[in-house]
Amino acid sequence: MSKLSDRLTDVFSDSQLSLKTLAQKINISASCLTYYSKGERVPTIESLVKIADYFNCSTDYLLGREEDNRSLTFEPCPPFCERLAFLKKHFGCTAYQIYHNSKISKSGYYEWLRGEHVPSLDNIVNLADAFGCRVDFVLGRES
């Protein structure tokens, strides 16, 4: 996640907005943005998507998983429980294959599937790696 803090620092400084102004625009506290850019905290999925949407970039770019900051059109993220069911069907996987290959707990997987919790950013990255796809695809931002 070290690339994340570097990328966030870059996009924040390129915006030429104060962190306070940016925070107001994307509805995230300025202190959280500071923690994220210093690498002291990892953003939630919701916060990462808000930042990516504001800067019209992919979450994969912000995470350092791709080098190009391509301007793309992204879809609103569906509830993760729906997306997880879609991914299971799309990739033709069993629940076991998903939680085993992505090193996610079985109980965590089923809590996400029931909509009781949402995964951490680390777990989303693990899912993208296990599926061999982009984080934005796992989140449903791209089809």
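1. Gln-16 is exposed, with a relative accessible area of 72%, and the residue belongs to the loop that runs between α1 and α2 (19-26). Its backbone deserves a look in this predicted model, since Gln-16 has a positive phi of about 60° although it is not a glycine.

2. Asn-56 can be read alongside Gln-16. Asn-56 has a positive phi of about 50° and is likewise not a glycine; its place is the loop between α4 (45-54) and α5 (59-62). Here the relative accessible area is 33%, so that Asn-56 counts as partly exposed. Seen from the helix, Asn-56 with its positive phi, near 50°, is what follows α4.

3. The packing of α1 against α3 can be described with two values. The axes of helix α1 (residues 2-15) and helix α3 (residues 30-38) come within 6 Å, and they cross at roughly 125°. The two helices are therefore oblique to each other; an angle would have to be over 145 degrees to count as roughly antiparallel. On the α1 side the contact is made by Ser-5, Leu-8, Thr-9 and Phe-12, which meet Leu-33, Tyr-36, Ser-37 and Lys-38 on the α3 side. Sorted by character, the residues of this contact are 4 nonpolar, 3 polar and 1 charged.

4. Helix α4 has a set of buried residues, namely Ile-45, Ser-47, Leu-48, Val-49, Ile-51 and Ala-52. What lies over them? The cover for the buried residues of α4 includes α1, α2, α3, α5, α9 and α10 (135-139). Ser-47, a residue of helix α4, may be worth inspecting individually, because at 10% relative accessibility it counts as buried. When its neighbours within four places in sequence are left aside, Ser-47 is in contact with Ile-28 and Tyr-36; Tyr-36 also appears among the α3 residues that α1 meets.

5. Helix α4 also carries a salt bridge within itself. The side chains of Lys-50 and Glu-46 meet at 3.7 Å, N to O, and both residues lie in α4, 4 residues apart, which is about one turn of the helix. Are these partners buried or exposed? Lys-50 is partly exposed, with a relative accessible area of 23%, whereas Glu-46, at 53% relative accessibility, counts as exposed.

6. A salt bridge between parts separated in sequence is formed by Asp-129 and Arg-65, whose closest N and O atoms are 2.9 Å apart. Asp-129 lies in helix α9 (residues 121-131) and Arg-65 in the loop between α5 and α6 (80-91), so the pair ties together parts that are 64 residues apart in sequence. Both partners are partly exposed: the relative accessible area is 47% for Asp-129 and 32% for Arg-65.

7. The pair of Asp-136 and Arg-134 should be examined with its surroundings. Their side chains meet in a salt bridge at 3.3 Å, N to O. Asp-136 is buried, with a relative accessible area of 0%, and Arg-134 counts as buried at 19% relative accessibility, a value to be read against the cut-off, because buried means under 20% relative accessible area. Salt bridges that share partners join Asp-53, Asp-60, Arg-65, Glu-66, Asp-129, Arg-134, Asp-136, Arg-141 and Glu-142 into one network. The network thus takes in Arg-65 and Asp-129 from the preceding point as well as Arg-134 and Asp-136. Over the whole structure, the search finds 12 salt bridges.

8. The cysteines call for a separate remark. A disulfide is a covalent bond between the sulfur atoms of two cysteines, and a search of the whole structure finds 0 of them. Cys-57 is in no disulfide, and the nearest cysteine sulfur to it, that of Cys-77, is 13 Å away. The same residue, Cys-57, is buried, with a relative accessible area of 0%. Cys-93 is also in no disulfide; in its case the nearest cysteine sulfur belongs to Cys-133 and is 10 Å away. These separations can be set against the cut-off, since a disulfide is a pair of cysteine sulfur atoms within 2.5 Å.

Key
Residues are numbered from 1 along each chain as its sequence is written. This is a predicted model: local features need pLDDT of at least 70, side-chain atom pairs count only at pLDDT 80 or more; totals for chains, interfaces and linings use all residues. Side-chain values use heavy atoms; hydrogens and water are left out. Axes are lines fitted to C-alpha atoms, for helices over the stretch in contact, and angles run from 0 to 180 degrees between N-to-C directions. Angles under 35 degrees count as roughly parallel, over 145 as roughly antiparallel, 65 to 115 as roughly perpendicular and the rest as oblique. Contact means heavy atoms within 4.5 Å. Ala, Val, Leu, Ile, Met, Phe, Trp, Tyr, Cys and Pro count as nonpolar, Asp, Glu, Lys and Arg as charged, and the others, Gly among them, as polar. Buried means under 20% relative accessible area, exposed over 50%, partly exposed in between (1.4 Å probe, protein chains only). A salt bridge is a side-chain nitrogen of Lys or Arg within 4 Å of a carboxyl oxygen of Asp or Glu.
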